[in-house]
Amino acid sequence: MGFCAGCACRLSLNQLLPIVPCESFAVTQQISLPASACAIDPERDAQRRDGAHEVAPDLAYLRLAIVNVVFIGLPGAGDGRWVLVDAGLAGTAGWIRSVARRRFGGTGRPAAILLTHGHFDHIGALPRLCREWDVPVVAHAAELPYLSGKAAYPRPDPRVGGGVMSWISPLYPRGRIVLGERLQALHPDGGVPYLPEWRWLPTPGHSAGHVSFWRESDRALLSGDAFVTTAQESALAVAKQRREMHGPPMYYTPDWATARQSVVTLAALEPDLVIAGHGRAMRGPAMRAALTRLAEDFDVIARPRHGRYVGHAATIENGGAYPPP
Ligand SMILES: [Zn+2]
Ligand SMILES: [Zn+2]
């Protein structure tokens with residue numbers, strides 16, 4: 001029996017398919033992106049045969065059904081000479097390791113795993129990868145309570161609408177991982193361990209300790225879920241990887257004012273290349289213009305009209321960000 005897009009909600013396809021057409025009433029596109037903005041080169045990807053989408057010589061990503069993981073390092077670099085960003089869905093560790101082996105050689109072990117944040121679809125393969133690779137896991141200090149069993153994420157909110165992925169969001173796991181001593185906090189100076197060219201940027205709102213990663217030399221941005229490039233609320237848009245500039249996934253964003261400020265910060269960088277947590281990698285002027293528009297009109301374009309956290313954020317300051325697990 002097949003299951004819905006690997007999102008761990010365990011709805012069977014037979015249960016899901018009848019409600020997918022209802023999405024046509026609920027899904028509105030935020031900012032459409034042209035095919036020319038897509039950063040993927042299918043011909044070169046097919047020639048390399050490592051299974052990843054390469055968008056710069058040392059930058060590639062892998063789409064795991066509904067979410068992306070990123071590989072930073074030169075092909076053939078060997079064990080311990082590259083870094084994985086985020087860790088996808090539960091059940092995908094073998095897939096990630098297989099692509100890593102083909103791309104980097106050796107056993108495919110990285111120097112570390114960096115996290116943009118700790119939502120279930122970004123850490124699902126972590127327990128197995130940690131066991132097999134024995135590497136540090138690095139995240140923002142404000143995200144550590146979710147990764148050490150001290151706190152759960154604020155409850156997802158299906159009332160924001162947008163499609164099936166929102167409607168089933170109460171079923172998503174929200175913080176039962178305990179990573180122990182291998183867990184490390186990003187250094188406050190903005191440096192990224194093992195990646196001297198990269199900086200991390202605080203981009204909270206979607207989660208309390210959400211970060212993005214930025215490389216000035218080629219203006220490459222890993223935005224995590226601060227903004228994404230498909231409508232993650234919609235199973236249809238996700239299945240098709242419909243191209244659009246889109247605010248953070250609505251059902252899982254508990255602080256909209258802060259999320260808006262994070263998009264403003266990222267748009268001001270004027271990136272040339274973006275790999276988000278969800279959707280295809282995008283590049284160039286059309287992507288940049290769409291990101292600028294998203295930042296300028298965020299409250300109209302990206303903020304839901306209603307929902308649990310609209311007008312009432314769950315923050316560190318008011319205690320809402322860290323409910324007990
Ligand atoms: Zn997320
Ligand atoms: Zn996500």
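Tutor: Let's fix one yardstick before we start: a residue is buried if 20 or more other C-beta atoms lie within 10 Å of its own, exposed if 12 or fewer, and partly exposed in between. Keep in mind that we're looking at a predicted model.

Student: Okay, why does Gly 320 count as partly exposed?

Tutor: Gly 320 has 18 C-beta neighbours inside 10 Å. Buried starts at 20 and exposed stops at 12, so a count of 18 makes Gly 320 partly exposed.

Student: Where does Gly 320 sit, and what is Gly 320 in contact with beyond its neighbours within four places in sequence?

Tutor: Gly 320 belongs to the segment after helix 12. Beyond four places in sequence, the contacts of Gly 320 are Pro 154, Pro 254, Ala 314 and Thr 315. By contrast, Thr 292 is 28 residues away in sequence, and its C-alpha is 30 Å from that of Gly 320.

Student: Zooming out, what makes the protein chain as compact as a globular protein of that length?

Tutor: The chain comes to 12 helices and 14 strands. Its radius of gyration is 18 Å, and the globule rule gives 20 Å for 325 residues; those are close, so the chain is as compact as a globular protein of that length. Of the 325 residues, 52% count as buried. And among contacts with a separation of 6 or more, 70% come from residues 24 or more positions apart.

Student: Which residues touch the most other members of the largest nonpolar core?

Tutor: Leu 126 and Leu 294 do, in a core of 99 residues. Setting aside neighbours within four places in sequence, Leu 126 is in contact with Ala 87, Ile 113, Val 137, Ile 177 and Leu 179. As a rule, nonpolar side chains in soluble globular proteins tend to be buried together.

Student: Now helix 10. How do you know what span to expect there?

Tutor: Count 1.5 Å a residue: helix 10 covers residues 256–268, 13 in number, and the expected 18 Å is close to the 18 Å from first C-alpha to last. Its buried residues are Trp 256, Ala 259, Ser 262, Val 263, Leu 266 and Ala 267.

Student: Why do you say the buried residues of helix 10 line one face?

Tutor: Look down the axis of helix 10: the buried residues fall within an arc of 135°, so they line one face of the helix. Their cover includes strand 10, strand 11, helix 11 and helix 12. Right after helix 10 comes Glu 270, with a positive phi near 55°.

Student: And what puts the buried residues of helix 4 where they are?

Tutor: Those residues are Ala 93, Ile 96, Val 99, Ala 100, Arg 103 and Phe 104. Their arc around the axis is only 135°, which puts them on the same side of helix 4. They pack against strand 3, strand 4 and helix 6. Gly 105 follows helix 4, and its phi is positive, near 80°.

Student: Last one: why are strand 9 and strand 14 said to stand at the edges?

Tutor: The open sheet has 5 strands in the order 9-10-11-13-14, with mixed pairing. Strand 9 and strand 14 each have a single partner strand, so one side of each is left without a neighbour in the sheet.

Student: What joins strand 13 to strand 14?

Tutor: 2 bridges do, and the two strands run antiparallel. Pairing takes at least two bridges, so with 2 bridges strand 13 and strand 14 qualify. Leu 273, for instance, has Arg 283 of strand 14 as its bridge partner.

Notes:
Residues are numbered from 1 along each chain as its sequence is written. Chains are lettered from A and ligands numbered from 1 in the order in which they are written. The expected span of a helix is 1.5 Å times one less than its number of residues. The arc is that of the directions from the helix axis to the C-beta atoms. Two residues are in contact if their C-beta atoms, placed from the backbone, lie within 7 Å. A nonpolar core is a set of buried Ala, Val, Leu, Ile, Met, Phe, Trp, Tyr and Cys residues joined through C-beta atoms within 7 Å. The radius of gyration is taken over C-alpha atoms; the globule rule is 2.2 Å times the number of residues to the power 0.38.
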